[in-house]
Every structure is written in structure tokens, then in C-alpha cells.
Amino acid sequence: MHDPMLSVENLVTHFPARASEAGRGKAVIRAVDNISFSVSAGETYALVGESGCGKSTTARSVLRLIEPTAGSVRFRGTEVTACTGRALRALRRDMQMVFQDPYSSLNPRMTVAQIVAEPLIVHRMASRSEARDRAVKLLDRCGLDRRYADRYPHAFSGGQRQRVVIARALATSPKLVVADEPVSALDVSIQSQIMNLLCDLQEEFGLAYVLISHDLAVVRHMADRIGVMYLGKLVEQAPVDEFYRNPKHPYSRALLSAIPKHRPGDASARIVLTGEVPSPTNPPAGCPFHTRCPHVMPRCHTEGPKTSTNAAGHSVACHLFDEDSNDS
Ligand code: SF4
């Protein structure tokens, strides 16, 4: 088996809490709390969960846009958390990000060709004229006719702007792209076009994707493997077909039950979770999901579940599956 392109081990990212959240003493927000996953070349790994579960912080920590508190992030054999200066800049050429909002992530004073060419100039990978040529080609490849290359972002629709964002992310020929909710700001009719574009580009360039999404329908379309986050922890990981066929964690089952069913007879009951998501400043003892879990048992209040993994690479952290455990 090949080494993964990206290997994240025991990643922790904590922030100091504001005074209003901290109460007395020095409280921290446990945004990402000891998670591990890996991504291979050509693979899409999706991180899912409700807003505030830590998936976007994980993505930014992997790219060092936020400093992780502890843990290891290895990219093609290099420890990202130890890189500084020139080495970190070199890594950033190979690890790019597509942001959620194509309206705020493009500079309104630059033409789209200038926007896509900019990373090549910043990283000194091309002269201005070479960078422009490549930008125009990339825009064309991403579905924006070269006649529009000298227009400004305001002239484009949301879907077209996201094509510009994707072209900019690809300018430096990265190996890994982290896409944070890449279609959630777009009309439903446009979403599948952008998802298909991302899938085509992945195949063409052999890209690895880390896909951040709250939308399990998007994830099913794009991902090879999935990790479910709750309160900063990964509670389940599985190949995507296996996950949708056989979700194990009660939280995953609740998320899946909320997807609208389109076929008559496909009427598995929706699981409605009660209670608020606890604060990551003060997560519950034991299993972090116990305050909302429909299957909670007495031990869940005090004892955190270990992660068990089966031969199919399906792992879950829940006491209901302790018997299956062959790994902790
Ligand atoms: Fe629910 Fe207990 Fe499993 Fe946590 S460990 S998900 S509370 S059954």
C-alpha cells in the first residue's frame, strides 16, 4: 500500500475562550480535539458535521492558516507543523484552498485573469506574461471563456465566480486542494455543475481533495471516504458507500435520516436530535454525544468510547460497538 499524501495524526487545535465564555479561570475552546485521518493521491476525503463541529478549523489547521496546538500533519513525507519560511511557502504551492463564498474571496479591483495569475507571480513561478497565459488557459479549462478574462468579478454570477476561485486554486499546480463548502453558497441548479467540474479536474490532475461539507448529498456525489465530526472529535470514518449503507454512530444515523428522501417507499424515519450542541469550551464528560444520544447508557456519562475499526476500514467511537473492537 502507498503512503498517504496527507497524514493527520492526533491533531489538536484549541483557542483561548473569550471572557464571556470562559467563566472563571483560563478556559479553552476545544475546536479540534485529537483527530487522525489520511488522504491518498486522487482521493476525496470528506469531513462532515454540523456547523461549529470543528471541520473548518481542521482544514485551516492542516494548511497552517491556523496554528495547531498539537499533533502531526505530514504532507508527502514533510512535517507541515515544523515548516517555516521558505519551506512553508513551498508547501503552500502544493496545498491550496477553495473557500465557500465566491463573493467575498475574490478581489473586486482585479480582473479574473489577474486573480488567477497572482499566485504564480507571488510564488515566482512565472513571468507576468506567462502567468497571464496560464491564467487564461485555466479559466478556459474551468469553463469561463477566454473572452471574459479581463472582466472584473462583479460581472459574473456566483457559479462563474466559483469557477474563478477553482482556477486560482489550481494555478500553482497543487497536489492537494482543501475545499470548504465549495458549493453551499450556490443555487442548487449550479451546484452539480461545480461538483462535476471538481471531479473532472481531480481526475485530470490526480488531485487529492479534503472536502468540508455539512451536506451529505454533496458528499455522496464527490467523496471516496468520509469522516463525521462532533464537538471537535471524529466519531466515525468509513468508505463512502459503506457509510451510506451501514452508518453506525447514532449521530451519523441522525444526520443521514435528515436527507430528503426522493423515492416513495424510501421512508426510513427521521431521527430528530433533541438538546443543544454542548459548548466546545466545556464539553461533556464521557461520550461527547451523550447529552443528545437516543441510545445513551449509564457508562456513556463517564466513560469516553474508544475507536473500533473493522477490516473494511470502517471505524466508530461508540460504546454500542465496543464488542466489534479490534483496534483502539
Ligand atoms: Fe450514544 Fe453512548 Fe454511543 Fe455515545 S457512546 S454515541 S452516548 S451510545
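**Exercise 1.** In this predicted model, work out whether Arg146 counts as buried, partly exposed or exposed.

*Solution.* Start with the number: Arg146 has 45% relative accessibility. Now bring in the cut-offs: buried is under 20%, exposed is over 50%, and partly exposed lies in between. So Arg146 counts as partly exposed. Next, look at who Arg146 pairs up with: its side chain meets that of Asp140 in a salt bridge, at 3.7 Å from N to O. Asp140 has a relative accessible area of 37%, so this partner is partly exposed too.

**Exercise 2.** Find the salt bridge partner of Glu79, then say whether Glu79 is buried or exposed.

*Solution.* First, the partner: Glu79 forms a salt bridge with Arg74, and their closest N and O atoms are 3.8 Å apart. Then check the cover. Glu79 has a relative accessible area of 19%, and buried means under 20%, so Glu79 is buried. Arg74, at 36%, is partly exposed.

**Exercise 3.** Decide how the chain's compactness stands against a globular protein of its length.

*Solution.* Begin with the parts list: the chain has 10 helices and 12 strands. The globule rule gives 20 Å for 328 residues, and the chain's radius of gyration is 21 Å, close to that value, so the chain is as compact as a globular protein of that length. For a bit more of the picture, 49% of the 328 residues are buried. Finally, take the contacts between residues at least 6 apart in sequence: 64% of them join residues at least 24 apart.

Notes. Residues numbered from 1 in each chain as written. Predicted model: local features only at pLDDT ≥ 70, side-chain atom pairs only at ≥ 80, totals over all residues. Heavy atoms only, no water. Helix = DSSP H or I, 4+ residues; strand = E, 2+ residues; numbered from the N terminus. Rg over C-alpha atoms; globule rule 2.2 N^0.38 Å. Buried < 20%, exposed > 50% of the residue type's maximum accessible area, 1.4 Å probe, protein only. Contact = heavy atoms within 4.5 Å. Salt bridge = Lys/Arg side-chain N within 4 Å of Asp/Glu carboxyl O.
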